[in-house]
Amino acid sequence: MKVSDRSRPNTPWPPGEPASYLVGSHARQYRLIVDVLADRQEVSLTGVGHDELAELIRARLPQETVAELVEDLNLSDRLASLVSWGTCEAWQDRATTEEEFLRNRYRYQLTEAGAALNQAVRAIEEDLGAGST
């Protein structure tokens, strides 16, 4: 056993991967998405559909710049990254009509790791202020 293995807490996720959304040039965008998913997870355990998530994000953005900010967000790419890091999980709703088959039916929900990280980040911000993360 390496020293680094002994100092790492026993967690069900790989070290650092679910936290990848907290760093980098798009961290604020990822934080917004994760915050929206966390808020929805408090009231529903069925995940959030892609289109619903886009609307919930729009509602949190300044109305005078919402179109520009949403275009810059590239939600599908950001969600794909969050899934690949293990921050959230995705699955498809079953299609029962041709129209449903053609639209994006993915639903998203934070993983246990993603929810725990978001809760920790929110606690840090509450204690130290929003600029601390």
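A residue counts as buried when its relative accessible area is under 20%, as exposed when that area is over 50%, and as partly exposed in between. With that in mind, open this predicted model and select Trp 85, which at 23% relative accessibility falls into the partly exposed class.

Keep Trp 85 on screen and add Tyr 30, since these two residues form an aromatic pair. A pair of aromatic rings is described by the distance of the centres and the angle of the planes. Here the centres are 5.1 Å apart and the planes stand at 65°, an arrangement that is edge-to-face. Tyr 30, unlike its partner, is buried, with a relative accessible area of 6%. If you now colour helix H2 (residues 27–41) and helix H5 (residues 75–85), you will find Tyr 30 in H2 and Trp 85 in H5, so the pair ties together parts that are 55 residues apart in sequence.

Next, select Tyr 106 and Tyr 108, which form an aromatic pair that is tilted, with 6.3 Å from centre to centre and 35° between the planes. Tyr 106 is partly exposed at 35% relative accessibility, whereas Tyr 108 is buried at 8%. A search of the whole structure finds two aromatic pairs, and you have now visited Tyr 30 with Trp 85 as well as Tyr 106 with Tyr 108.

From here, turn to the interior and select Ile 33, Leu 37, Leu 53, Ile 57, Leu 75, Leu 79 and Leu 82, the residues with the most contacts inside the largest nonpolar core, which has 21 residues. At least two residues of this core come from each of H2, helix H3 (50–60), helix H4 (66–73), H5 and strand S3 (106–110), and the largest share, seven residues, is supplied by H2. In soluble globular proteins, nonpolar side chains tend to be buried together.

What does Leu 75 touch, not counting residues up to four places away in sequence? Centre the view on Leu 75 and show its surroundings: the residues it touches, with that exclusion, are Ile 33, His 50, Leu 53, Ala 54 and Ile 57.

Finally, zoom out to the whole chain and display it as a cartoon, where the secondary structure comes to seven helices and three strands, running α-α-β-α-α-α-β-α-β-α from the N terminus on. Of the 133 residues, 32% count as buried. Among contacts with a separation of 6 or more, 58% are accounted for by residues 24 or more positions apart. If you switch on the surface, its accessible area comes to about 8,600 Å², of which 51% belongs to carbon and sulfur atoms.

How values were computed:
Residues numbered from 1 in each chain as written. Predicted model: local features only at pLDDT ≥ 70, side-chain atom pairs only at ≥ 80, totals over all residues. Heavy atoms only, no water. Phe/Tyr/Trp six-rings, centres within 6.5 Å; stacked < 30°, edge-to-face > 60°. Helix = DSSP H or I, 4+ residues; strand = E, 2+ residues; numbered from the N terminus. Buried < 20%, exposed > 50% of the residue type's maximum accessible area, 1.4 Å probe, protein only. Contact = heavy atoms within 4.5 Å. Areas by Shrake-Rupley, 256 points an atom, 1.4 Å probe, with all protein chains shown as cover. Core = buried A, V, L, I, M, F, W, Y, C linked by side-chain atoms within 4.5 Å.
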